[in-house]
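Biologist: I'd like to go through this one slowly, asking how each label was earned. Can you take me through it?

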Amino acid sequence: AETRITGGRVKVNGEVVRTLGTRVDPVVDRVEVDGREVAAEPRVYYLFHKPRGVVTTLEDPEGRPSIKDYVKDLGARLFPIGRLDFHTSGALLLTNDGALANALLHPTKSVAKTYVAKVRGVPTDEQINRLRMGVELAPVGEERGVERTRPAEVEVLRSVPSGEGSVREDGTTWLEVT
């Protein structure tokens, strides 16, 4: 796209545009490339339940199943808003709406995300409170110091201590973390 723009092959409302980053409104402005009108894709939104054993990406160099396998026939270039781990299932929004993706994902927007996590054992009140206050993360690289996560809202949904039906000898707990 950049080569086409700087090469004078793009017109907006009949005027050649050579400046990268020129803003257009796809609803109002007429955009042409090499004399052919370019129409904006209609925006589409899908709520997708990602199963376990699928990566939240469109291309996986390791050849694992990806969400692309599920959306390839929907007729739109879709990308996921957010990520879920390979072994995790859950709801993901898929769209071709970059503005919405940015509004939901960019850290400056502070959009809360809620997860249900199954953890080994039965966490103590102290451990739950540490999550609520924010967790210290190990430094990444030499130039960065210690960072903390934001404080979380944490609710214990269910806890199964050892010996009471848990398949784990140390028990299992389900947490809702926002």
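Biologist: What makes the lining of the largest pocket divide into nonpolar, polar and charged residues?

Modeller: The split is 11 nonpolar, five polar and eight charged. Ala, Val, Leu, Ile, Met, Phe, Trp, Tyr, Cys and Pro count as nonpolar, Asp, Glu, Lys and Arg as charged, and the others, Gly among them, as polar. This is a predicted model, where local features need pLDDT of at least 70 and side-chain atom pairs count only at 80 or more, while totals for chains, interfaces and linings use all residues. Residues are numbered from 1 along each chain as its sequence is written, and side-chain values use heavy atoms, leaving out hydrogens and water.

Biologist: How much confidence does the chain get, on average?

Modeller: Its mean pLDDT is 89, and 94% of its residues reach 70 or more. pLDDT is the predictor's confidence in each residue, from 0 to 100.

Biologist: Why is Glu32 called buried or exposed?

Modeller: Buried means under 20% relative accessible area, exposed over 50%, and partly exposed in between, using a 1.4 Å probe and protein chains only. Glu32 has 12%, so it's buried. You'll find Glu32 in strand β3, residues 31-33; a strand is a DSSP run of E with at least two residues, a helix a run of H or I with at least four, both numbered from the N terminus.

Biologist: What makes the pairing of the Glu32 and Arg30 side chains a polar contact?

Modeller: A polar contact needs a pair of N or O atoms within 3.5 Å; within protein, one must be able to donate a hydrogen and the other to accept it, and residues adjacent in sequence count only if both atoms are side-chain atoms. Glu32 and Arg30 come in at 3.3 Å, side chain to side chain. Lys68 and Glu59 also have their side chains joined by a polar contact, of 2.5 Å.

Biologist: Why does Lys68 count as buried, exposed or partly exposed?

Modeller: Lys68 has 36% relative accessibility, so it counts as partly exposed. Lys68 belongs to helix α2, residues 68-71.

Biologist: And which residues does Glu147 touch, leaving out those up to four places away in sequence?

Modeller: Val135, Glu136 and Leu137, where contact means heavy atoms within 4.5 Å. Glu147 and Glu136 are 11 residues apart in sequence, yet their C-alpha atoms are 5.8 Å apart in space. Glu147 has a relative accessible area of 34%, so it's partly exposed.
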